Amino acid sequence: MTLDRLPPFNRTALLLDLDGTLIDIAPTPDTVVVPPGLTAVLARLRDRLQDALAVVTGRPIETIDTLLGDAPYAVAGEHGGARRHAPRLPIERPNLPSPPTAWFESAAALAAAHRGALLEPKARGFALHYRLAPDAGPDFGSALSAWLLGDDRFELMAGQMTWEVRPKGVDKGSAVDALMHEPPFCGRIPLFIGDDVTDEDGMRAARALGGAGLRVDAAFGSPAGVRAWLTAAARTGDWPELPGGPLGGPLGGPLGGPLGGTA
Ligand SMILES: [Mg+2]
């Protein structure tokens, strides 16, 4: 089941990616800038949606706390590898393996060998960023693929100028499912907004629950477009027209990957 229009505002559970969706991508993960007023807009939206606002990100939850404070009610971090269902609850982690230490060491050596490349450790994996070392992308990809060949507990995800090694079994879709089964999200209709291939799992999950999954590029043009739309929604208490105009088929347009445009 999919929607052909946005959920009614007062029945929506709003699920938002961070990088490339709420904030602009920066040369390195540590240099992102939270635009002035964004946390106030999110806090106002959270209030209007009776707390049904979550950030669903690949970042650690602690980073979201640093960047956005308590504006989101719930946070799913590390692509579903960590969840906090309400502001003061402990972080829940599905029981997942961590990559071998040797992989971290080898990844650190790879990053060190390419000026500008960056290794970002995560609780159950790591990301190799090559935005400032674009020529290294293919080498990183083939090296990581070779390591993973002998260990089917982990998978390699291609992100925005990033390769990420993470345990199988969780993704942004499982995070959306888990959030939508708990108050204040359960009983509402999910609206997921994201920009990246890893967000497509979240979009599929939202659509499978009768909600909508919107791609930033198609529906809003840019993170600035997302922010302007959310700002208007926070002001009026309703969803404005989408800047990208009406989208054909399932709301949000077709997804790439194995489900094609059928999700
Ligand atoms: Mg993103």
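Is phenylalanine 104 buried, exposed or partly exposed? Phenylalanine 104 counts as partly exposed, because 16 C-beta neighbours sit inside 10 Å. Bear in mind that this is a predicted model. The domain assignment splits the protein into domain 1 (9–93 + 170–262) and domain 2 (101–167), and the notes below go through both, plus a few backbone oddities.

**Domains and how they meet**

- Domain 1 comes in two stretches of sequence, 9–93 and 170–262, while domain 2 covers 101–167.
- Measure from C-alpha centre to C-alpha centre and you get 26 Å between domain 1 and domain 2.
- The two do touch: 15 residues of domain 1 are in contact with 15 residues of domain 2.
- On the domain 1 side of that contact, you'll find seven nonpolar, six polar and two charged residues.

**Nonpolar cores**

- The largest nonpolar core has 48 residues, and the members touching the most other members are Leu14, Leu15, Ala54, Val176, Leu179, Leu191 and Ala206.
- Another core lies apart from it, with 13 residues that include Ala107, Ala111, Ala127 and Phe140.
- For a look at one of the well-connected members, take leucine 191: leaving out residues up to four places away in sequence, leucine 191 touches Leu6, Pro7, Thr12, Ala13, Leu14, Leu15, Ala206, Gly211 and Ala212.

**Around E2, E3 and E4**

- Strand E2 (residues 53–56) runs parallel to E3, with three bridges between them.
- Alanine 54, one of the best-connected core members, stands opposite alanine 74 in E3.
- Getting from E2 to E3, the chain passes through helix H2 (residues 61–68), and this β-α-β crossover is right-handed.
- Strand E3 (residues 74–77) is covered on both faces: Ala74 and Ala76 are buried on one side, Val75 and Gly77 on the other.
- E3 also pairs with strand E4 (residues 82–84), this time in the antiparallel sense and over three bridges.
- Within that pairing, alanine 76 has arginine 83 in E4 as its bridge partner.
- E3 and E4 make a hairpin with four residues between them, and glutamate 78 in the turn has a positive phi of about 50°.

**Around E9 and E10**

- Strand E9 (residues 189–194) pairs with E10 in the parallel sense over four bridges.
- One matched pair here is phenylalanine 192 with glycine 213, its bridge partner in E10.
- Together, E9, helix H6 (residues 199–208) and E10 give a right-handed β-α-β unit.
- In strand E10 (residues 212–215), Ala212 and Leu214 point one way, Gly213 and Arg215 point the other way, and all are buried.

**Two residues to click on**

- Phenylalanine 104 belongs to helix H3 (residues 101–113).
- Apart from residues up to four places away in sequence, phenylalanine 104 touches Pro99, Pro121 and Phe126.
- Phenylalanine 104 and glutamate 120 are 16 residues apart in sequence, with a C-alpha to C-alpha distance of 9.7 Å.
- Lysine 122 is in strand E5 (residues 118–122).
- Lysine 122 has 20 C-beta neighbours inside 10 Å, so it counts as buried; the cut-off for buried is 20 or more.
- Ignoring neighbours within four places in sequence, lysine 122 is in contact with Pro60, Glu78 and Ala127. Glu78 is the turn residue with the positive phi, and Ala127 is a member of the 13-residue core.
- Lysine 122 is 26 Å from alanine 206, C-alpha to C-alpha, with their positions 84 residues apart in sequence numbering terms: they are 84 residues apart.

**Backbone oddities**

- The peptide bond from proline 183 to proline 184 is cis, with omega near 0°.
- Proline 184 is in the loop between helix H5 (172–180) and E9.
- Glutamine 50 isn't a glycine, yet it has a positive phi of about 50°.
- You'll find glutamine 50 in the loop between helix H1 (38–48) and E2, and it counts as partly exposed because it has 13 C-beta neighbours inside 10 Å.
- Histidine 79 isn't a glycine either, and its phi is positive at about 55°.
- Histidine 79 is in the loop between E3 and E4, and it counts as buried because 28 other C-beta atoms lie within 10 Å.

Technical notes. Residues are numbered from 1 along each chain as its sequence is written. This is a predicted model: local features need pLDDT of at least 70, side-chain atom pairs count only at pLDDT 80 or more; totals for chains, interfaces and linings use all residues. A nonpolar core is a set of buried Ala, Val, Leu, Ile, Met, Phe, Trp, Tyr and Cys residues joined through C-beta atoms within 7 Å. A residue is buried if 20 or more other C-beta atoms lie within 10 Å of its own, exposed if 12 or fewer, and partly exposed in between; C-beta atoms are placed from the backbone. Two residues are in contact if their C-beta atoms, placed from the backbone, lie within 7 Å. Helices (H or I, at least four residues) and strands (E, at least two) are DSSP runs, numbered from the N terminus. Domain bounds come from an automatic or database domain assignment. Ala, Val, Leu, Ile, Met, Phe, Trp, Tyr, Cys and Pro count as nonpolar, Asp, Glu, Lys and Arg as charged, and the others, Gly among them, as polar. Two strands pair if DSSP finds at least two bridges between them. A crossover is right-handed if, with the strands pointing away from the viewer, the path from the first strand over the helix to the second runs clockwise.
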